[in-house]
Amino acid sequence: MKSILEGCQNILSELERTLYKYTELESQQTSIGRRVKRVWKRLSLEPADIRNLRSRVNDNITLLNAFTLGRTRDKTTKLLRYQEDQEEQAILNWLTPVDYAPQQNDFFKQRQAGTGQWLLDSEIFKRWVETKKQTLFCPGIPGAGKTILTSIVVDELCTRFCGDNSSIAVAYIYCNFKRQNEQTLEDILTSILKQLAQGRSLPQSVKSLHDQCKSKQTRPSIDDISTVLRLVAAEYSRVFILIDALDECRADDSCQANLLSKISDLQTKCGVNFFATSRFIPHITEIFERDLILEIRANKEDVQRYLEEHIDELPRFVRRDPDLQQEISSAIVKTIDGMYEASDNILLKKKFC
């Protein structure tokens, strides 16, 4: 645009000088000799100036038109892309309005820097990540920090693998017994499908499912969702599905069993990797007895890091006495017995005692 503008300015300057020549000729006296001279000069100026200027003006007009057309085309393309994005988002919201990303962010923010690294560095976790069709089951007692560790695993996978047009997808569910009425088998499967579908341009299979149900004014069946889920998962080279607190998934309508069956089907046909946490519930632990298992406990180093970061919440006389700080930390580490969340409660009790 700058180049075109400079070209136009140069032409206007030359045109101004040429017009001045013509004005000069017109202002001369009209004797016959001078009139002939003026006509001859006009004829000599025509090919030398006017034709050249006309050509250059036309060239710049062509450039301006091309520039304007390009800008218009860009705006039109952006508008069409915006409309497509809106339509795709509407379809994704039609699948389910539930979004687990805010929960993931909230849980991960609660992580104390450096904690949970023991799990990521473990040979079992590395084996699970590197090999397709693997299931990693992480049981733990209440308060062991299963949810925070799940958020750490989700963040690790997303940071390592996910990006624009990535061929690897990560989907996660945080089960909550208080939301069992909302977390039906259909809701969980559509949430997984939504997360996989929004990782790239909306798959045609999802659009077709939406159009089919819209024309019939119905919701998709479990079989329909499962079929499309397999099609979408097959478009990725790797898929990781994580479910936290599997024990809090409703069991009265066989939701747990059917969910695990659908995920097992995805593993068999699409090579999906599955990660799950749960309390020690017999009928759940039996399901995973042949899979990779890594118990979640409050790691001593993790608890120590947490206490070091929060020691300033204790009275001043404690903050001034390193030996007393160490004594308090050691006592808390021994007391919590694998319950990471308990360290916070104990620290508060110490603060006010």
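Select strands E3 and E4 to begin: they pair in the parallel sense over four bridges. The model you are looking at is a predicted one.

**Stop 1: from E3 to E4**

With E3 and E4 still selected, pick Leu 242. Which residue of E4 stands opposite Leu 242? The residue is Phe 275. Now add helix H10 to the selection. E3, H10 and E4 together make a right-handed β-α-β unit. Strand E3 covers residues 238-244, and helix H10 covers residues 255-270.

Between E3 and H10 there is a loop, and Ala 245 is found in this loop. Select Ala 245 and look at its backbone. Its phi is near 60°, which is a positive value in a residue other than glycine. Is Ala 245 buried or exposed? Ala 245 is buried, because its relative accessible area is 6%, and the cut-off for buried is under 20%.

**Stop 2: strand E4**

Hide the rest and select strand E4, residues 273-278. How many of the six residues of E4 are buried? Six of the six are, so the strand is largely enclosed by the rest of the structure. Show the side chains next. Asn 273, Phe 275 and Thr 277 point one way from E4. Phe 274, Ala 276 and Ser 278 point the other way. Residues on both sides of the strand are buried.

**Stop 3: the other neighbour, E1**

Bring back strand E1, residues 135-139. E1 and E4 pair in the parallel sense, over five bridges. Select Cys 138: its bridge partner in E4 is Thr 277.

Now step back along the chain from E1 to Lys 133. This residue lies in the loop between helix H5 (123-130) and strand E1. The phi of Lys 133 is near 65°, again a positive value in a residue other than glycine.

**Stop 4: the whole sheet**

Select all the strands of the sheet. In what order do the five strands lie? The order is E2-E3-E4-E1-E5; the sheet is open and the pairing is parallel. At the edges are strand E2 (168-174) and strand E5 (292-293), each pairing on one side only.

Zoom in on the E5 edge. E1 and E5 run parallel and are joined by two bridges. Select Leu 136 to see one contact here: its bridge partner in E5 is Leu 292.

**Stop 5: salt bridges**

Turn on the charged side chains. The count of salt bridges comes to eight. Three of them are visited here, beginning in helix H10.

Select Asp 265 and Lys 269. They form a salt bridge, with the closest N and O atoms 3.3 Å apart. Where do these two residues sit relative to each other in H10? They are four residues apart in the helix, so about one helical turn separates them. Asp 265 counts as partly exposed, at 22% relative accessibility, whereas Lys 269 is exposed, with a relative accessible area of 56%. Add Arg 230 to the selection: Arg 230, Asp 265 and Lys 269 are linked in a network of salt bridges.

Move to helix H6, residues 146-161. Here Glu 156 forms a salt bridge with Arg 160, and the closest N and O atoms are 2.7 Å apart. Glu 156 and Arg 160 are four residues apart in H6, so they too are separated by about one helical turn. Glu 156 is partly exposed at 23% relative accessibility. Arg 160 is also partly exposed, with a relative accessible area of 44%.

Next, select Arg 179 and Glu 182. Their salt bridge has its closest N and O atoms 3.3 Å apart. Which of the two classes, buried or partly exposed, does Arg 179 fall into? Arg 179 is buried, because its relative accessible area is 19% and buried means under 20%. Glu 182, at 46% relative accessibility, counts as partly exposed.

**Stop 6: a nonpolar patch**

Finish on the surface. Select Met 1, Leu 64 and Phe 67, which make a nonpolar surface patch of about 260 Å². Phe 67 is found in helix H2, residues 32-95. Is Phe 67 buried or partly exposed? Phe 67 is partly exposed, with a relative accessible area of 33%.

Notes:
Residues are numbered from 1 along each chain as its sequence is written. This is a predicted model: local features need pLDDT of at least 70, side-chain atom pairs count only at pLDDT 80 or more; totals for chains, interfaces and linings use all residues. Side-chain values use heavy atoms; hydrogens and water are left out. Buried means under 20% relative accessible area, exposed over 50%, partly exposed in between (1.4 Å probe, protein chains only). Patches are made of residues with over 30% relative accessible area and no salt bridge: like charges are joined within 9 Å, nonpolar side chains (Val, Leu, Ile, Met, Phe, Trp, Tyr) within 5 Å. Accessible areas come from the Shrake-Rupley method with a 1.4 Å probe; for residues, only the protein chains shown count as cover. A salt bridge is a side-chain nitrogen of Lys or Arg within 4 Å of a carboxyl oxygen of Asp or Glu. Two strands pair if DSSP finds at least two bridges between them. A crossover is right-handed if, with the strands pointing away from the viewer, the path from the first strand over the helix to the second runs clockwise.
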